[in-house]
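This report looks at charged side-chain pairs and at how far their partners are open to solvent. Please keep the sequence and the coordinates at hand while reading.

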Amino acid sequence: MSTLAHTMMTAARSVESGLGAPGDLDRYPYSEASGPDRVAPPAWEGVDELGRAGRRAAGSRGRGLHGQLVQQLGQMIVSGDLGADRPLVPEEIGQRFEVSRTVVRESLRVLEAKGLVSARPNVGTRVRPVSDWNLLDPDIIEWRAFGPQRDDQRRELAELRWTIEPLAARLAAGHGREDIQQRLSDMVEIMGHAYAQGDTITFSRADAEFHALLIQLAGNRMLEHLSGIVAAALQVSGSPAAGCDRLSESCLGHHARIVEALAAGDAGAAEAAMRQLLTGHPEPVVPGPREQH
């Protein structure tokens, strides 16, 4: 086993024994209202499960209160708990989640950048309609994938991947970047070791790295800008590895054939191998969020 493979698999085992696997649900440390005299502000009445946070995309948000509040409000907006044109009063948000005005203000700015809310003088901050959302934002992709719109998100992600990745494979065959090609080979090796050991965490991480490297190798900056879509699709796939129904020799074979085609500079074969990989599991399987007990 290579040093790289050993490192990735060791890191995956530490996740298993520590904080939990990527995508596990957790509850953020917002203080819940307690006691007979604690009542949530009227503007939040009727909103369910305010204290629960859902699945978090690795590395996409900060770990502090600011990142947690972005996650909470973003999920509530995307799920429809906070509907379009609903006012968001910073003071009420701060009181409900027991965070400072600064945390609320910075969180709303992040949501505004994602197109989820708008802030106007004399009007305040309001939730924007879906047509204004940045649907390519990885956070919004994740929130939609675990909300009521999960079926639409699954279909749209599958269609985008089918458009992006075969083209990226074709373009990558024309770029003789030996360093990246070696990294792709390393990822296939790691996936093979992970498959042999039934290590789904390492397999998924190597798979995500494989697809990100492939898009990088394509040499198209606009395609590379869209790599976040692929990463988000892999993150929310719900299967051991997106592009495969399950850990299998067939899945490994598709990845290996892509690497072989790239090494040979065969654009057509690289594109065909990628299409075979995606056809093997054409739509990411998106399960509903699970509660921790």
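A residue is called buried under 20% relative accessible area and exposed over 50%, with partly exposed in between. On that scale, glutamate 159 is partly exposed because its relative accessible area is 44%. The model discussed here is a predicted one.

Side chains of opposite charge can pair when their charged atoms come close. In this structure there are 14 salt bridges, and the table lists three of them.

| Basic partner | Acidic partner | N to O distance |
|---|---|---|
| arginine 128 | aspartate 132 | 3.5 Å |
| arginine 155 | glutamate 159 | 3.5 Å |
| arginine 170 | glutamate 271 | 2.5 Å |

For the pair formed by arginine 170 and glutamate 271, whose closest N and O atoms are 2.5 Å apart, the contact links distant parts of the chain, since arginine 170 belongs to helix H6 and glutamate 271 to helix H12 (residues 267–280), 101 residues apart. Arginine 170 is partly exposed at 38% relative accessible area, whereas glutamate 271, at 17%, counts as buried.

Salt bridges with shared partners also join Arg144, Asp152, Arg155, Glu156 and Glu159 into one network. Within helix H6 (residues 150–172), arginine 155 and glutamate 159 are 4 residues apart, about one turn of the helix, and arginine 155 is partly exposed with a relative accessible area of 35%.

In the pair of aspartate 132 and arginine 128, aspartate 132 has a relative accessibility of 33% and counts as partly exposed, and arginine 128, at 26%, also counts as partly exposed.

Note on methods: Residues numbered from 1 in each chain as written. Predicted model: local features only at pLDDT ≥ 70, side-chain atom pairs only at ≥ 80, totals over all residues. Heavy atoms only, no water. Salt bridge = Lys/Arg side-chain N within 4 Å of Asp/Glu carboxyl O. Buried < 20%, exposed > 50% of the residue type's maximum accessible area, 1.4 Å probe, protein only. Helix = DSSP H or I, 4+ residues; strand = E, 2+ residues; numbered from the N terminus.
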